[in-house]
Amino acid sequence: MEKSHNQLNEFPKEQVRSAIQNGIAEAELQINNKKKNVHIFKLKKRKRSSIILVSSICLLIVAASPTIASMAISITDWMKNINSNAVIRAFEDGIGQEIAQSDEYNGTNFTVLNAFVDDNQTVINFSFDINSGLDYDEALFSKFNVNLMNGREYAYYDDESRKLVGSYVSEEGIKSSLQNVDISVEDIFLYQNKRDPFELNWDEVEFKDMSESLEGVEKLEIQSVRIEGEELLIQYETKYLDEENTFEPPMLEMIHEGTLLKRTSVVGKELEKGSVPITLTYNLNGVSVQELDVFVTYSERVAKVDGSWKVSFDLDKTKADQATIVKELDDNIIYWTDKLHLEQLTITPTLISIKGKKNQIKNGIEIVGYDEISLRIGDQTYEGGYFPSNKSKFEFQFRIDQPLPPIIEDISLKLNDASVQTILYPDSPSLVLTNISNEKQTVTSNVADYPVEFTYHMIDGDVIIESSSSNLTYQGLQTYYIDQKDKRQFARKEDIGLFNKQINTVKETYFDYQDSSMELFIYSYSKLDKDRVEVMNLN
């Protein structure tokens, strides 16, 4: 199954479009929410892809790569599964360090095995020897703290070593070349990953809670099932019984003759009472839904290991410093509604980053983001992503999938595959929705010369509006209405086609609406602009 919370995709490029469409305030919120609690759902014995934080943009300099004396570090197969290729290369080149420090509590041994640190990130590999005899797949901790830095840990059961193994990853390095750190861990929660058959009657889908047979799942409420062309879309709300469970929420798999259908997933913002909305999109490729076998994957807590562990050791980045290039920058770029001031470029053995400050600006009626941002060094191209650290700071990073060229020169930044949000307010066009009831009704209107179909109805006092266009360049809109106090009221918005440019449906929900008609105003609309490309020479 695909891992929708993989750190490699912590800021998927399609979510840039969603953030732009949902407005500036929501953009920051979406990004910050995605940077919390990142874990990866995996079925036992399934290898997971590397953990590394990816980001975007850059410039570079001309400099020869330093030579470092090689010193072998013990590298296991599970480390190769859980660490990035660049970190593994650093270990192989002797840039990392063996730690081999342990602490024991009530028969459970915690060991810090090895570590890598440079100016861009810290990676610490660890294991727990738990003599529980329990069958489990992954683990969470009530506390896993590394002083002096903020990061995330991921841990799973390794069949070969028969231990709980994991990696802690931080976007921060250490300020000095040698620094003592403490790792403090408390209470381990063990989880088992489940995969059960899931009954869906395609002829008459029941829109109700279907979590009764799923242990550890409090809610899985199907809300919408429909087919649009070759796409099957399913919407539901779900919630785990265990509030500590921050793994991937319950997901549906579609199997046809033993083959898993490709799926994209959108996990929405948490709703009331802790449930989250999920939108899944499957590519049918001509397959009838009646021919599909449906399964649900989820995780259930099976045990808690009480205890506390602490390990202290020195992080040493002396060798990494020898392979690090730092250059002060003084460049600016407009990205979304921010003016970004690029201040420092750092090239380390495992990551390329640029850090700087940002200031929000009024960008007029157009807000432009780019789905693809790449950095070219010589004849090599590096893909990346963007992370706002807080309201005033940001960081761009580029993953190093292949070794850097010996000479760093001929640098260019390319931004393409643009998403453009056009603000129509205050001259917002409008349409009137009449006879709002439990029965679905459809009206068609033009939005900036795009034919848009609006389907609306009411459920328990909430007005649900779905809008889409046959023109796939159009990528959704944002609406509002004026209440009795002459204030604009916006809906809760979901971009159903978020991960698929062949679908541009937007679902908006207006809660507790009291009238049978509504004048609906168009605040903004979004479109794709493939022809908009920016290339910056950064030599």
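Trainee: Is Lys317 buried or exposed?
Mentor: This is a predicted model, where local features need pLDDT of at least 70 and side-chain atom pairs count only at pLDDT 80 or more, while totals for chains, interfaces and linings use all residues. Residues are numbered from 1 along each chain as its sequence is written, and side-chain values use heavy atoms, with hydrogens and water left out. Buried means under 20% relative accessible area, exposed over 50%, and partly exposed in between (1.4 Å probe, protein chains only). Lys317 has a relative accessible area of 5%, so this residue is buried.

Trainee: With which residue does Lys317 form a salt bridge?
Mentor: Side chains of opposite charge can pair when their charged atoms come close. A salt bridge needs a side-chain nitrogen of Lys or Arg within 4 Å of a carboxyl oxygen of Asp or Glu. For Lys317 the closest N and O atoms are 2.9 Å apart, and the partner is Asp119.

Trainee: How many residues apart in sequence are the parts that Lys317 and Asp119 tie together?
Mentor: Helices (H or I, at least four residues) and strands (E, at least two) are DSSP runs, numbered from the N terminus. Lys317 lies in the loop between S14 and helix H5 (318–322). Asp119 lies in the loop between S2 and S3, so the pair ties together parts at a separation of 198 residues.

Trainee: What separation in sequence does the Glu466 and Arg226 pair span?
Mentor: Their side chains meet in a salt bridge, 3.6 Å from N to O. Glu466 is in strand S25 (residues 462–469) and Arg226 in strand S8. Glu466 counts as buried at 19% relative accessibility, and Arg226 does at 17%. The pair links distant parts of the chain, with a separation of 240 residues.

Trainee: Which residues do salt bridges that share partners join into one network?
Mentor: Lys317 pairs with Asp119. The network holds both of these and one further residue, so to speak by shared partners: Asp119, Lys317 and Asp321.

Trainee: Which strands are the edge strands of the open sheet?
Mentor: Two strands pair if DSSP finds at least two bridges between them. Ten strands form the sheet, with antiparallel pairing, in the order S1-S2-S3-S6-S5-S4-S7-S14-S10-S11. Edge strands pair on one side only, and here they are S1 and S11.

Trainee: How many bridges pair S1 with S2?
Mentor: S1 covers residues 97–105 and S2 covers residues 108–117. They form a hairpin with two residues between them, and Asn106 in the turn has a positive phi of about 50°. Gln101 has Val112 in S2 as its bridge partner. The antiparallel pairing has a bridge count of seven.

Trainee: At what angle to S2 does helix H4 run?
Mentor: Axes are lines fitted to C-alpha atoms, for helices over the stretch in contact (heavy atoms within 4.5 Å). Angles run from 0 to 180 degrees between N-to-C directions. H4 (residues 85–92) lies across S1, S2 and S3, and its angle to S2 is about 90°.

Trainee: Which element gives the largest share of the largest nonpolar core?
Mentor: A nonpolar core is a set of buried Ala, Val, Leu, Ile, Met, Phe, Trp, Tyr and Cys residues joined through side-chain atoms within 4.5 Å. The largest has 31 residues, and Phe110, Phe128 and Ile188 are among those with the most contacts inside it. The elements giving two or more residues include S2, S3 and S7. The largest share, six residues, comes from S14.
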